[in-house]
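Student: I have a structure to read and don't know where to begin. Can you take me through it feature by feature?

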Amino acid sequence: MFPLDTQAIRQQRMQRLAATLRLFAELGYDEGAGGHITARDPERPDCFWINPFGMYFGHVKVKDLLLVDSDGQVLAGNGRINPAGFVIHSAVHAARPDVICAVHTHSVYGRAFATLGRLLDPITQDACAFYGDHALFDDYSGVVLDEREGKRLADALGPAKAAILRNHGLLTVGGTVEEAAWWFVAMERSCQVQLTAEAAGKPVLIDHEEAERTREVIGSPGIGRYNFKPLYEGVLRRHPDLLD
């Protein structure tokens, strides 16, 4: 196998970014013009690709994605960027050079769980993927439009793969688009399961040692990528035009 060149890496990231947007539209993670997913450019790591502001997730194609620099200027593509999206993602990408992709949308169960101002509990095998590896941004001061607020959010995320933004929703990151996208799907479902379980009674927690061991298996980057693979193949079959 020959290593991919920069253009091939860029194309791969953009294809998976567009596919994630289509998938999230199907899953109902979009809401109006809110929500944004970014992928760092391999040639210009201070820039990232993002979905256009106001375009329905289910219509986004590779050619619709916008390249944005660290000042918020659109360098490639036609359209506007979500101001709050830029503040959040630029801060995360600047603080975390290891992050290739960041995901934040206004999913239903993520928003509901975020109102509790707490972390996920290790009550299922799947939730253990986030055990000791997600953070709480325990504040809410309105729409994130201030650069300082973006930095506070990035600081709260720290080295983790995800954060619960109190009274707002979920944020996930990864070393690939596949990882960040899967962590968002998995975290949204973990929020749904915990809300459902706690409505029915008092869930039994997985003990600390077992939760940590489980995280090392199902919370690894490789498993994140592998879990996204069937979702990506499915969305490509259903929406082949996204590659345009």
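**Reading the fold, step by step**

Tutor: Start with one pair of residues: L165 stands opposite G169 in strand β8. Keep in mind that this is a predicted model.

Student: How many bridges join β7 to β8, and do the strands run parallel or antiparallel?

Tutor: To read a strand pair, check the bridges and then the direction. Here β7 and β8 (residues 169-174) are joined by four bridges and run antiparallel. The two strands form a hairpin, with three residues between them. In that turn, N167 has a positive phi of about 60°.

Student: What about β6 and β7: parallel or antiparallel?

Tutor: β6 (residues 134-137) runs parallel to β7, and four bridges join them. F137 is the residue opposite L165 in β7. L165 therefore has a partner listed on each side: G169 in β8, and F137, given that strands pair when at least two bridges are found.

Student: Which way do the residues of β7 point, and are they buried or exposed?

Tutor: Follow the strand residue by residue. In β7 (residues 162-165), A162 and I164 point one way, while A163 and L165 point the other way. All four are buried.

Student: Now the core. Which residues touch the most other members of the largest nonpolar core?

Tutor: Look for the residues with many neighbours inside the core. This core has 43 residues, and F24 and F130 touch the most other members. Several elements each supply at least two residues, including α1 (6-27), β1 (36-40), β7 and α7 (221-238). Helix α5 gives the most, with 10 residues.

Student: What does F130 touch?

Tutor: Leave out residues up to four places away in sequence. F130 then touches L120, K161, A162, W183, A186, M187 and S190. Apart from that core lies another, of 15 residues, among them I88, A102, A160 and L165.

Student: Why does S190 count as buried?

Tutor: Compare its accessibility with the cut-off. Buried means under 20%. S190 has 5% relative accessibility, so S190 counts as buried. S190 is found in helix α5. Beyond four places in sequence, S190 touches L120, D126, A127 and F130.

Student: And why does Q125 count as exposed?

Tutor: Apply the other cut-off. Exposed means over 50%. Q125 counts as exposed because its relative accessibility is 54%. Q125 lies in the loop between α3 and β6. With residues up to four places away left out, Q125 touches I206, T214 and I218.

Student: Why is R238 partly exposed?

Tutor: Partly exposed lies in between those cut-offs. The relative accessible area of R238 is 47%, so R238 is partly exposed. R238 is in helix α7.

Student: How far apart are R238 and L23, along the chain and in space?

Tutor: Read both distances. R238 and L23 are 215 residues apart along the chain, yet their C-alpha atoms are separated by 9.8 Å. R238 touches L23 and E26, not counting residues up to four places away in sequence. Now take Q125 and L23: 102 residues apart in sequence and 24 Å apart in space, C-alpha to C-alpha.

Student: Last, the largest pocket. What is its volume, and which helix gives the largest share of its lining?

Tutor: Ask about volume, then lining, then class. The largest pocket has a volume of about 280 Å³. Of its 15 lining residues, the closest to the centre are S70, F86, S90, A91 and A94. α2 (83-95) and α4 (147-157) each supply at least two lining residues. The largest share, six residues, comes from α2. By class, the lining has seven nonpolar, four polar and four charged residues.

Definitions and conventions
Residues are numbered from 1 along each chain as its sequence is written. This is a predicted model: local features need pLDDT of at least 70, side-chain atom pairs count only at pLDDT 80 or more; totals for chains, interfaces and linings use all residues. Side-chain values use heavy atoms; hydrogens and water are left out. Buried means under 20% relative accessible area, exposed over 50%, partly exposed in between (1.4 Å probe, protein chains only). A nonpolar core is a set of buried Ala, Val, Leu, Ile, Met, Phe, Trp, Tyr and Cys residues joined through side-chain atoms within 4.5 Å. Contact means heavy atoms within 4.5 Å. On a 1 Å grid over the protein atoms alone, a cavity is a set of points where a 1.4 Å probe fits but cannot get out, and a pocket is an open set with protein on both sides within 12 Å along at least five of seven lines; lining residues have an atom within 4 Å of a point. Grid points are joined across faces, edges and corners, and a volume is the space filled by probe spheres set on the points. Ala, Val, Leu, Ile, Met, Phe, Trp, Tyr, Cys and Pro count as nonpolar, Asp, Glu, Lys and Arg as charged, and the others, Gly among them, as polar.
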